[in-house]
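Visitor: Hi, I'm new to this one. Could you walk me through it?
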Amino acid sequence: MTRIALLSDTHGYLDPQLFTHLTNCDQVWHAGDFGSLQLAKELEQQSGLPLKGVFGNIDGNDIRSVYPEENCFTCERVVVFMKHIGGYPGRYAPGVKASLKETKAGLFISGHSHILKVQFDPELNCLHMNPGAAGKQGWHQVRTMIRFEIEDKEMRNCEVIELGKRG
């Protein structure tokens with residue numbers, strides 16, 4: 001079993017209380033708009049966990065040189081496809097649906113919208129997750145993240161964690 005902390009859209013802000021929610025996690029995944037490479041390094045060092053991610057539209061060359069635009073990997077027996085601007089079932093960004101079909105992803109992760117969403121796509125047999133925004137920039141009112149588990153091919157125990165008001 002792998003326990004994952006999923007965040008996105010930190011925009012350069014790393015909430016110290018975030019680390020209390022990582023204590024029983026095995027990995028941290030970031031769906032883009034880190035804000036700086038320093039934030040990514042701090043997140044990895046302070047958590048002591050491996051960090052997987054993608055760059056977002058506000059990320060500069062420092063992040064883009066380390067994290068790809070699209071990240072496809074396997075966790076347990078689930079193929080995961082991650083892209084910052086990816087849309088969601090019924091409204092995928094251009095090319096995303098084709099990539100999900102090609103990779104046979106069972107889990108699609110995106111960020112960008114600052115809208116927390118967990119939605120199943122029955123056509124692709126794929127779960128979509130967007131953890132909302134963990135940072136202070138944007139129009140969202142509450143900063144959020146998701147924590148969940150993957151065991152074998154099953155995703156379970158999904159928790160939405162509110163980190164507090166944006167301001």
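Guide: We'll chat about a sheet and then two loops. It's a predicted model, where local features need pLDDT of at least 70, side-chain atom pairs count only at pLDDT 80 or more, and totals for chains, interfaces and linings use all residues. Residues are numbered from 1 along each chain as its sequence is written, and side-chain values use heavy atoms, leaving out hydrogens and water.

Visitor: What's the strand order in the open sheet?
Guide: The order is β3-β2-β1-β11-β12, five strands with mixed pairing. Strands (E, at least two residues) are DSSP runs numbered from the N terminus, and two of them pair if DSSP finds at least two bridges between them.

Visitor: Which are the edge strands?
Guide: β3 (51-53) and β12 (154-165), each pairing on one side only.

Visitor: How many bridges join β2 to β3?
Guide: Three, and the two strands run parallel. In that part of the sheet, His30 stands opposite Gly53 in β3.

Visitor: Switching to loops: where is Glu76?
Guide: Glu76 sits in the loop between β4 (70-75) and β5 (78-83). Its phi is positive, about 60°, although Glu76 is not a glycine.

Visitor: Why point that out?
Guide: Because most residues other than glycine have a negative phi.

Visitor: And what is the phi of His112?
Guide: Near 75°, so that's a positive value in a non-glycine residue too. His112 lies in the loop between β8 (107-109) and β9 (116-121).

Visitor: Why does His112 count as partly exposed?
Guide: Because its relative accessible area is 34%, and partly exposed lies between buried (under 20%) and exposed (over 50%), using a 1.4 Å probe and protein chains only. Glu76 is partly exposed as well, at 33%.

Conventions
Helix = DSSP H or I, 4+ residues; strand = E, 2+ residues; numbered from the N terminus.
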